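Trainee: Could you show me how to read the features of a protein model, one at a time?
Mentor: Gladly; let us put it on the screen.

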Amino acid sequence: NFHSVNYKTLLYIKPLKNLGQRICITFQGADIQKFKSIDYGYRFDSKYENLLVKTLRIVDKVFVISNDVKKELLKLGYKGEIISIPNTVDIKKIKNIKIKKIKKTRKCLSLITVARYSEAKKGLDLIEKISKILIKKKINFKWTLVGRNSDNLLKKDFIKKNIKYFKIISQINNNNEVYFPNSKLIKIYKKNDLYVNLARVESFGITIIEAIASGLPVFTFDTKGANEIVKNNINGFILKNYNPRDMAFFIVKKFKQKYFYKKLKNKSVKKYDLEENTKIMIKNYN
C-alpha cells in the first residue's frame, strides 16, 4: 500500500506488479489534487500526470480520504475499485483528556489554528487581515497558532507589533504516545473557544476533526476538504466566499451573540474514529 505517491514511487509499481504483488494506493492530496491559483499539486508536471494515468490502469485497489480526491480520480478515467476511508483520530483518547475549563465570564475570545507554515495553502496570509478587523472592532482575543515552522510568523511585522493577541507554538511531536494528536495538543484545543480554518485547499483536514472532537466549533471557508466535514450550525459554519473580511465580521457577530458560550453538538465525528475505520481497512485488505 503506497500511502501517497510521487514520480519516483510510481516507478516502483510496475516492477512490483511483475513480481506478482497486489498494489494499493492511498491518495493524500498533492499526489492527485490540482489547485491552480497556488500551483498546488504534482499533476501540473505533465510527466507525473502521464505516468499516474498509466499506473492507475494496473493497481488493484485505491483508497481515498475524501470525496474531492475521489472526483479527481474519476476525472482521470480511473475505472477500478475506490474505497473511501477518511483520515481518522482516536476519539476516545481525545474525549478522555479532561481540562479545567475557565468559566465564560471573561470577555476574551480564544481562537486556534493548527497548520504547518505554508502561507498560500494554509491561508496564513489571512491572519493579519482578519486580526486587523477584530482589533478595530475592539474584540479582546487571543489567537493560538500551532504547527511546524509556525515561528516564522514571528518574523511578520504585524504579529511582532501585536504579539499580545497571539500565541505561537511550534510543532508538538508525538514521540511518547501511540496515537496522534499528542495529549498536550488536545489540552490546547480544549482551552480555546473556536477553531479557525483558513486553508485554501485540504485533501481532508485532520485538524478540523481533532478540533470538533475536542468540543470546538469550526469556522471555515467553503474549501475542499473542510466542506465535507463542517456542518452549518451543528459543528461550526461554512462561509461561502474566501474573503478574510467575511470571516472577521462573522466572528465578531457570533462573539456578540454569545455563540461561544454554547456547547457544540459534535454529532458528525464518529465516522472519523480510528478504531471503526481500521476495521474497514482490514476488511478490504482481507
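Mentor: We will go through a helix, the cores, the empty spaces and a few single residues. Keep in mind that this is a predicted model.

Trainee: Let me start with a helix. Which residues of helix α2 are buried?

Mentor: The general idea comes first: an α-helix has 3.6 residues a turn, so residues three or four places apart point the same way. In helix α2, residues 46-56, the buried ones are Tyr 48, Glu 49, Leu 51, Leu 52, Thr 55 and Leu 56. Looking down the axis of α2, you find these buried residues within an arc of 165°, so they line one face of the helix. Lys 47 and Lys 54 are exposed on the other side of α2.

Trainee: What covers the buried residues of α2?

Mentor: The cover includes two helices, α1 (7-18) and α3 (67-75), together with the strands β2 (24-27) and β3 (61-64). Have a look at the start of α2 as well: there a side-chain oxygen of Asp 45 comes to within 3.0 Å of the backbone nitrogen of Lys 47.

Trainee: Now the cores. Which residues touch the most other members of the largest nonpolar core?

Mentor: A nonpolar core is a set of buried nonpolar residues joined through their side chains. Here the largest one has 49 residues, and Phe 27, Leu 56, Leu 73 and Tyr 195 touch the most other members. Helix α9, residues 206-213, supplies the largest share of this core, with 5 residues. Another core lies apart from it, made of 31 residues, including Leu 111, Leu 124, Val 196 and Phe 250.

Trainee: What does Tyr 195 touch beyond its sequence neighbours?

Mentor: Leaving out residues up to four places away, the partners of Tyr 195 include Ile 112, Val 114, Tyr 189, Ala 211 and Phe 219. Thr 113 and Thr 207 are also among them.

Trainee: How many cavities does a search of the whole structure find?

Mentor: Rolling a probe the size of a water molecule over the atoms shows where empty space is left. In this model the search gives 2 cavities of 30 Å³ or more. The largest cavity has a volume of about 40 Å³. Tyr 195 appears again here, as one of its lining residues, along with Lys 122, Asn 197 and Glu 202. Strands β5 (109-114) and β8 (194-197) are the elements that give two or more residues to that lining.

Trainee: And which residues lie nearest the centre of the largest pocket?

Mentor: Of the 32 residues lining the largest pocket, those are Val 114, Phe 180, Ile 206, Thr 207 and Glu 210. The pocket holds about 860 Å³ of space. Its lining takes its largest share, 3 residues, from α9.

Trainee: Last, some single residues. Is Ser 131 buried or exposed?

Mentor: Buried means under 20% relative accessible area. Ser 131 has 0% relative accessibility, so this residue counts as buried. Ser 131 sits in helix α6, residues 127-136, and touches Phe 141, Trp 143, Phe 158 and Phe 166, not counting residues up to four places away in sequence.

Trainee: Where is Asn 96, and is Asn 96 buried or exposed?

Mentor: Asn 96 belongs to helix α4, residues 91-96. With a relative accessible area of 60%, Asn 96 is exposed. Sequence and space can also be set side by side: Asn 96 and Ser 214 are 118 residues apart in sequence, and their C-alpha atoms are 10.0 Å apart.

Technical notes. Residues numbered from 1 in each chain as written. Predicted model: local features only at pLDDT ≥ 70, side-chain atom pairs only at ≥ 80, totals over all residues. Heavy atoms only, no water. Core = buried A, V, L, I, M, F, W, Y, C linked by side-chain atoms within 4.5 Å. Buried < 20%, exposed > 50% of the residue type's maximum accessible area, 1.4 Å probe, protein only. Helix = DSSP H or I, 4+ residues; strand = E, 2+ residues; numbered from the N terminus. Contact = heavy atoms within 4.5 Å. Arc of directions from axis to C-beta. Polar contact = N/O pair within 3.5 Å; in protein donor to acceptor, adjacent residues only side chain to side chain. 1 Å grid on protein atoms, 1.4 Å probe; cavity = no way out; pocket = protein on both sides within 12 Å on 5 of 7 lines; lining within 4 Å. Points joined across faces, edges and corners; volume = space filled by probe spheres on them.
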